[in-house]
Amino acid sequence: MLAAGSSAAGLTTAGGEPLADRLADQLRRAGAADVRFAATLDELAALADAATGPLLVTGTDLVAHTAVLRHLATSPVGPTVALVLGDPPVPGRTAVREERGQVVDAGPLDALDGDATGVFGGALRVGVDDLPTLAAAARAAAVGARPVAAPVGPAGDVSPLPAAGSAGHDDPGSAVDRLVAGLAALGTLIFAQRVRLLVAHRVEDAAALVAAEAAVTSVDEDRAELRLSVKERDDFFSTYFVSTWSPYVVRLAARLRLTPTGVTVISVLFALGAAVLFGVGGRLALVSGAVLLYLGFVLDCVDGQLARYTRHFSAWGGWLDTMADRAKEYLVYAGLGFGVSHAGLGNGWALAIAAMTLQTVRHMTDTWYGALHDEAARRPRTTTGASGGIGDRLNAASTRVQADTGSVSYWLKRTVVFPIGERWALIALTVALFNPLVSLIAVLVWGGLAFAYTGALRTLRARWMWVPVLDTVDATLHRDDGPLARRLPVVRPMGPLTLAVIAALGPAALLVAAGLGDAPDGLRWAVPMALLVLLAGGLGAGAAHNGPLDWLVPAALRAAEYLFAIAVGVVGGAPGWLIFGYVFVLTVHHYDLTARLEKRQAAPPLHVATLGWDGRSVLLALLAIAGVVSIGMATLGAYLLVVFVVSVVLAWFVRPARGARASAAPVGAGGVAPR
């Protein structure tokens, strides 16, 4: 391999082999099926054009642990990922600015106006969908540059690129630096991969190579990988009461050849056992349930840590982990609710339903605010709102607090929002020390305060950012509109959020009236009126969701549908456990939609069969008028659960298997002549 013009060309490692050859060997050990060398950026562009799988592109000046390359090649955060180092920026190297784990700007240091948060580490993985952009960036970077020798690898393989300088180029720097800057300039969504406890350096001469090799050998790679399995930033309870010893469980699970999915299943069983003990009651059962709940949460952390340690990631595993987390939590709420009612302490099912509804609506706002923030980070700052004002100050204050890791303000900010670790800790402590009633009330109080706190701050910041995130996705899918909502006329002046909030007011009023009245069955006449108010949310289905707060629309519609279902159940005299079960099925369906949002996936296979929030609500209203709410709610809930299960099987097993068989079929099979 020639590295013409590269300061790293010809460098020899302490073992006597060329640095580029050792890097190629590391790439193979990191999972590359093939490693090739491209002579020019134009050759890289041609390889990108022909590739059918992701590429890992590296420079020839990189000295790093093999694990660094393996982590980059297997990173689950996104299709295109760049290695980012904390080294001081130097001329000729691309500086980057990150927000929420995304590279939102990349280029020469002076072009970032002092906003750089790191430097490009000389390696990036490019996803299949971004390969055309990679080819375009490579050809653009090659203009005016003299030919250089470089290593590269095609489809599904990893490939080193030259660390050669440019000649007469407006943006001086190595080829790989110009390449990543070009990708960012073309709007590619690039995620950042930090090294943390491992070592990675880019070297320019023999002295730097010796120093980098010494740094690499001074770190125990396996021990560092085990520690890296723990999230860099986690919640207070997880950090100090779980992650201090969970890596030992991770190592044991790896030796036992357990999979992350297997650990997830075990954690569900622990949570189920805790829920049963909470329902049984008695001090011994409650304390035992609290212990099981804690251990279940430890395993909930271990499954992700095991995936990071073994690098066993899959879309199915990520989806299952998301769904299992919510199922476990709501099973615990059910156990607490039953325990309260069983002990004669009050209407436990009402509290459990309230806790589940509150938490689900909170999660919906969390998901969409995250999407809003990511979209804002990808846009030029001048398009996301005017500078100054309270939104700008809040954003700056939040950034300062997040950067001050370990401080009191940092932990207060992370704890006050009531994350999953704190919720499970609160439940375990209050159940063990008191009873399920105190536990549910504590969850509702802290959850409500956290919702008010985050909602107020996010509303102010969102108005400042003014990013119409719902207009970037299939709004109809994430609104969960059914056939009726899609056919209603559009009332544009009021806006979709206003209409969604109005939609929740009717069911809320009906629920309050049913809860305060002595004979809720007498309110059956009010169900059609509440339904008409609810359907007002459908009047905004066809409108543009481009308001600064329209990211709240999905959460508002979830609240409206859940409140209506609960109100109909109360009016119809349905037992509390049945109402809980029906709303639980709705939450499972909606969490599936939000899990698809992160990957921008299409609708589930049987989404039309779920009838939409409007169709389900109309059916419930008819059941209430007919006086068969309990039977109808049980039937509709069972139907939706079956649709969900079948949809999951189709999406994750049947369709992928068909696709695999189709790709493996010989050309011209099936009676179709090849052309």
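This is a short presentation on the fold, the packing and a few selected residues of one protein chain.

Good morning, colleagues. Please keep in mind throughout that the structure above is a predicted model.

I shall begin with the chain as a whole. Its secondary structure comes to 25 helices and 9 strands. The chain has 675 residues, of which 51% count as buried. What share of the contacts between residues at least 6 apart in sequence joins residues at least 24 apart? The share is 81%.

Let me turn to the interior. In soluble globular proteins, nonpolar side chains tend to be buried together. Here, the largest nonpolar core has 112 residues. Which of its residues touch the most other members? They are Phe 278, Tyr 333, Ile 427, Phe 564, Phe 580 and Leu 620. As for helices, H22, which spans residues 553-571, gives the most to this core, with 13 residues.

Phe 564 deserves a closer look. Setting aside residues up to four places away in sequence, Phe 564 touches Pro 507, Val 527, Ala 530, Leu 531, Leu 534, Ser 617, Leu 620 and Ala 621. Another core lies apart from the one just described; it has 29 residues, including Ala 51, Val 96, Leu 183 and Ala 192.

One of those names, Val 96, returns when we consider Ala 106. Ala 106 is found in strand S5, residues 102-107. Is Ala 106 buried or exposed? With a relative accessibility of 11%, Ala 106 counts as buried, because that value falls under the 20% cut-off. Beyond its neighbours within four places in sequence, Ala 106 is in contact with Thr 94, Ala 95, Val 96, Leu 112, Val 180, Ala 181 and Ala 184. Between Ala 106 and Val 119 there are 8.7 Å from C-alpha to C-alpha, and the two are 13 residues apart in sequence.

I now come to three buried residues in helices. The first for discussion is Val 583, in helix H23, residues 576-598. Its relative accessible area is 0%, and Val 583 is therefore buried. Which residues does Val 583 contact, leaving aside its neighbours within four places in sequence? The partners are Met 356, Thr 357, Tyr 562 and Ile 566. Met 356 is 227 residues from Val 583 in sequence, yet their C-alpha atoms are 8.4 Å apart in space.

Next, consider Gln 359, found in helix H13, residues 348-378. Gln 359 has 2% relative accessibility, so it counts as buried. Not counting residues up to four places away in sequence, Gln 359 touches Glu 329, Tyr 330, Tyr 333, Arg 423 and Tyr 591. Tyr 333 was named earlier, among the residues that touch the most other members of the largest nonpolar core.

Then there is Ser 647, in helix H25, residues 629-664. Ser 647 has a relative accessible area of 7% and is therefore buried. Where residues up to four places away in sequence are not counted, Ser 647 touches Pro 604, Pro 605 and Leu 606.

Let us move to a pair of helices. How do H1, residues 19-29, and H3, residues 66-74, pack? Their axes are 9 Å apart and the angle is about 50°. That angle makes H1 oblique to H3. The crossing of these two helices is right-handed. On the H1 side, Leu 23, Gln 26, Leu 27 and Arg 29 take part, and they meet Thr 66, Leu 69 and Arg 70 in H3. Sorted by class, this contact has 3 nonpolar, 2 polar and 2 charged residues.

Finally, a word on backbone geometry. Most residues other than glycine have a negative phi. Two arginines in loops merit attention on this point. Arg 196 is not a glycine, yet has a positive phi of about 55°. Arg 196 sits in the loop between strand S8 (190-194) and strand S9 (200-202). With a relative accessibility of 35%, Arg 196 counts as partly exposed.

The other is Arg 257, where phi is also positive, near 60°. Its loop runs between helix H9 (246-255) and helix H10 (260-280). Is Arg 257 buried or exposed? Arg 257 is exposed, because its relative accessible area is 75%.

To close, I would recall two points: the chain comes to 25 helices and 9 strands, and its largest nonpolar core has 112 residues. Thank you for your attention.

Definitions and conventions
Residues are numbered from 1 along each chain as its sequence is written. This is a predicted model: local features need pLDDT of at least 70, side-chain atom pairs count only at pLDDT 80 or more; totals for chains, interfaces and linings use all residues. Side-chain values use heavy atoms; hydrogens and water are left out. Axes are lines fitted to C-alpha atoms, for helices over the stretch in contact, and angles run from 0 to 180 degrees between N-to-C directions. Helices (H or I, at least four residues) and strands (E, at least two) are DSSP runs, numbered from the N terminus. Angles under 35 degrees count as roughly parallel, over 145 as roughly antiparallel, 65 to 115 as roughly perpendicular and the rest as oblique. A crossing is left-handed if the near helix is turned anticlockwise from the far one by less than a right angle, and right-handed if clockwise. Contact means heavy atoms within 4.5 Å. Ala, Val, Leu, Ile, Met, Phe, Trp, Tyr, Cys and Pro count as nonpolar, Asp, Glu, Lys and Arg as charged, and the others, Gly among them, as polar. A nonpolar core is a set of buried Ala, Val, Leu, Ile, Met, Phe, Trp, Tyr and Cys residues joined through side-chain atoms within 4.5 Å. Buried means under 20% relative accessible area, exposed over 50%, partly exposed in between (1.4 Å probe, protein chains only).
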